[in-house]
Amino acid sequence: NFYACPYLLARSGQDYSFDQRSSKTEKRVKKSNRNQPPADAPYVSPKPKRNQKALSDKTVEIFEGMTLGELSKRTGESFAYLQHILASAGETVESEFDAISLDIAELAAMEIGVNVRRLHSTEGAILHPRPPVITVMGHVDHGKTSLLDALRQTSVAAKEAGGITQHLGAFVVTMPSGASITFLDTPGHAAFSAMRARGAAITDIVVLVVAADDGIMPQTLEAIAHAKSANVPIVVAINKCDKPAADPERVRTQLCSEGLILEEMGGDVQVVEVSAIIRTGLDKLEEALLLQAELMDLKARIDGPAHAYVAEARLDRGRGPLATAIVKSGTLACGQHIVVGTEWGRIRAIRDMLGKVTNKAGPAMPVELEGLKGLPMAGDDIVVVESEERAKMLSAGRKKKAEKDRLIHINEQKIEEIDESEETSLRVTLPVVVKADVQGSVQAVTDALKSLNSPQVFLDIVHVGLGAISQSDVDLAQACDACIVGFNIRSPPSSVTLAAKQANIKVMVHRVIYHLLEDMGNLIVDRAPGTSEIKVAGEAQVLSIFEIKGRRKSKGPDLKIAGCRVLDGRMIKSSNVRLLRSGEVLFEGPCASLKREKQDVDTVGKGNECGLIIQDCNDFQVGDVIQCLEEVIRKPKFVSSESGAVRIEC
């Protein structure tokens, strides 16, 4: 009725004013309680903010066929929120009792921000006997690889750099009885602790190799701890029993003291005396391993998608990223789409440990997989998915979760650095670029270098990678003033070496972990600023006192000269001196003058006499002792133990 005439408005029965001035109505009263809720409204508590750190530390278990309601209970999120997450991923779930797949459950959990652990059930599946997976562990140079060579009738140990194992090796050995056993050979050096932990995590039985002449050593104790934490039975092989200094009984006593109850003492730990050199006791070792495997009744599912574990990963120039995997259950076949950690791919080829191409791999079979889009981490699980889209989605979700966790970890490190005391202000940062042949070696070298951190020098690993040192590595090292460390890789091309030399970049390439750590330790000692210490450079005894009186006012007050004889070390004019009487310090200050036979000198050696003036001090007595103080810079020391463990002592 805005455009209606006054007549129509009058008929409507409503009173409208056509005056342009606003009518005077009641004065508006401002409500004082405008922001407060009504008295009868219930109180609703504000929704608490999510703690990203607490969520990243939380781990939930997921399994095939779990309902969305079960996932909601385990993650602590509402059903509606999980339903919204699945809808954005293209999955429709109408009821909380609807079952979801493992991949969808993991995607939802990663979107929330929690970690997941996949549980693989064998309920309802047909189980078949499978070969045992046996990991050989022990201290460095106790004969682990030599024992495997004796079982396989090969000579791998003779071809290894430095005579020690530095990689995680997987082999299938056909025993004289016809049984097939999968062996994992682990390094014994202290730097390869993560490799030994991975070997214990995927094994059925641990063969603990102990040298009869050495006995229990640090890495032997670490291997026992890894086996106990993985709840894996142990079979002890006492090697080198052919040596004159061999004492198997002493080894048995040491094993009992470490909590391993042997069979002859009523326990369940079998002990076999062997010699890898003269090949004695190998039949008893085989019998013990097959007996232990028979007691465990090892079976696995053959049908259905495979569940595998990455033992090692490397980058090949012609074939791209390669992953050495051991199948836990199911069958791994060519053409399947897999997700390995944060990477995905389609299996292009499967090769056994002899390099022969095969179409599929069954349980307990070590194989090399080809066709991944990126390089996975050693220790990642291999998951078979139904399509390429699902593989890409799962890989992207894992990468997003890993990046979020990495940023949280960086923020925690920054807070710790801010909280550090001012004493670490003189700490020198040494950037390092690490290149190695396989993924496990990269992790081992990185962990070993981090153990060399000290209050004076901090090793900052700015980049890690696989393959030979390239020009891009040199450019990166030049940009951040870093040194380049290469382990078990071929020497860089001459052009790269020349570019590094022109940029004054230190390049260290080694094939043995001992030499690498020793070289890095010496570099750290050179770069360390050192700590300042006060050292007594010499001592002199006051024999007589000479006074100089009647000096002009311009030259200052009267002086006392201490006639001394140097008893030990030397007296230095430019240093501070300390005056002692009856063992107590009376004064400490700079040396104003030092003369010998009326001539100014800088130093006076042991057995000589001199005249000495201490600035602002005239309280001399015959028999006093004057110490010469010298400031020295003490550098840290690189210490290496027999087990291979290294550290920097400041």
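Two strands count as paired when DSSP finds at least two bridges between them. Keep that in mind, everyone, as I walk you through this predicted model.

Let me start with a pair that meets the rule. Strand β27, residues 576-581, and strand β28, residues 584-596, are joined by six bridges and run antiparallel. If you want one pair of residues to look for, try L579, whose bridge partner in β28 is F587. The two strands make a hairpin with two residues between them. In that turn sits S582, with a positive phi of about 55°.

Now stay with β28, please. Which other strands does β28 pair with? One is β29, residues 599-600, antiparallel to β28 over two bridges. There, K595 has D600 as its bridge partner. β28 and β29 form a hairpin as well, with two residues between them, and E597 in the turn has a positive phi of about 55°. Another partner is β31, residues 609-614, again in the antiparallel sense, over four bridges. On that side you will find S593 standing opposite I613. For anyone rusty on sheets, strands pair through backbone hydrogen bonds, and the pairing can be parallel or antiparallel.

That brings me to a parallel case. Earlier in the chain there is an open sheet of four strands, in the order β21-β20-β22-β23, with parallel pairing. Why do β21 and β23 each have one side without a neighbour in the sheet? β21 (457-466) and β23 (507-510) stand at the edges and have a single partner strand each, so one side of each is left free of a neighbour in that sheet. From one strand to the next, the twist averages 20°.

Within this sheet, β20, residues 428-436, pairs with β21 over nine bridges, in the parallel sense. V433 is a handy residue to find on screen: its bridge partner in β21 is H463. Lying across β20, β21 and β22 (483-487) is helix α12, residues 439-450, which runs at about 175° to β21.

Next, helix α14, residues 494-502. Which of its residues are buried? They are V496, A499 and A500. These three cover an arc of only 100° around the axis, which puts them on the same side of α14. A reminder helps here: an α-helix has 3.6 residues a turn, so residues three or four places apart point the same way. The cover over the buried residues of α14 includes α13 (471-480) and β23. Turn to the other side of α14 and you meet S494, K501 and Q502, which are exposed. Just after α14 comes N504, with a positive phi of about 60°.

A word on cysteines, as I know somebody will ask. How many disulfides does the structure hold? Zero. Take C483: the nearest cysteine sulfur belongs to C480 and is 9.4 Å away, whereas a disulfide needs the two sulfur atoms within 2.5 Å. Is C483 buried or exposed? C483 is buried, with a relative accessible area of 2%. C617 counts as buried too, at 6% relative accessibility.

Finally, the whole chain. There are 15 helices and 34 strands, and 44% of the 650 residues are buried. Among contacts with a separation of 6 or more, 70% are between residues 24 or more positions apart. The chain exposes about 35500 Å², and carbon and sulfur atoms supply 49% of that. Thanks for listening!

Conventions. Residues are numbered from 1 along each chain as its sequence is written. This is a predicted model: local features need pLDDT of at least 70, side-chain atom pairs count only at pLDDT 80 or more; totals for chains, interfaces and linings use all residues. Side-chain values use heavy atoms; hydrogens and water are left out. Buried means under 20% relative accessible area, exposed over 50%, partly exposed in between (1.4 Å probe, protein chains only). Axes are lines fitted to C-alpha atoms, for helices over the stretch in contact, and angles run from 0 to 180 degrees between N-to-C directions. Contact means heavy atoms within 4.5 Å. The arc is that of the directions from the helix axis to the C-beta atoms. Accessible areas come from the Shrake-Rupley method with a 1.4 Å probe; for residues, only the protein chains shown count as cover.
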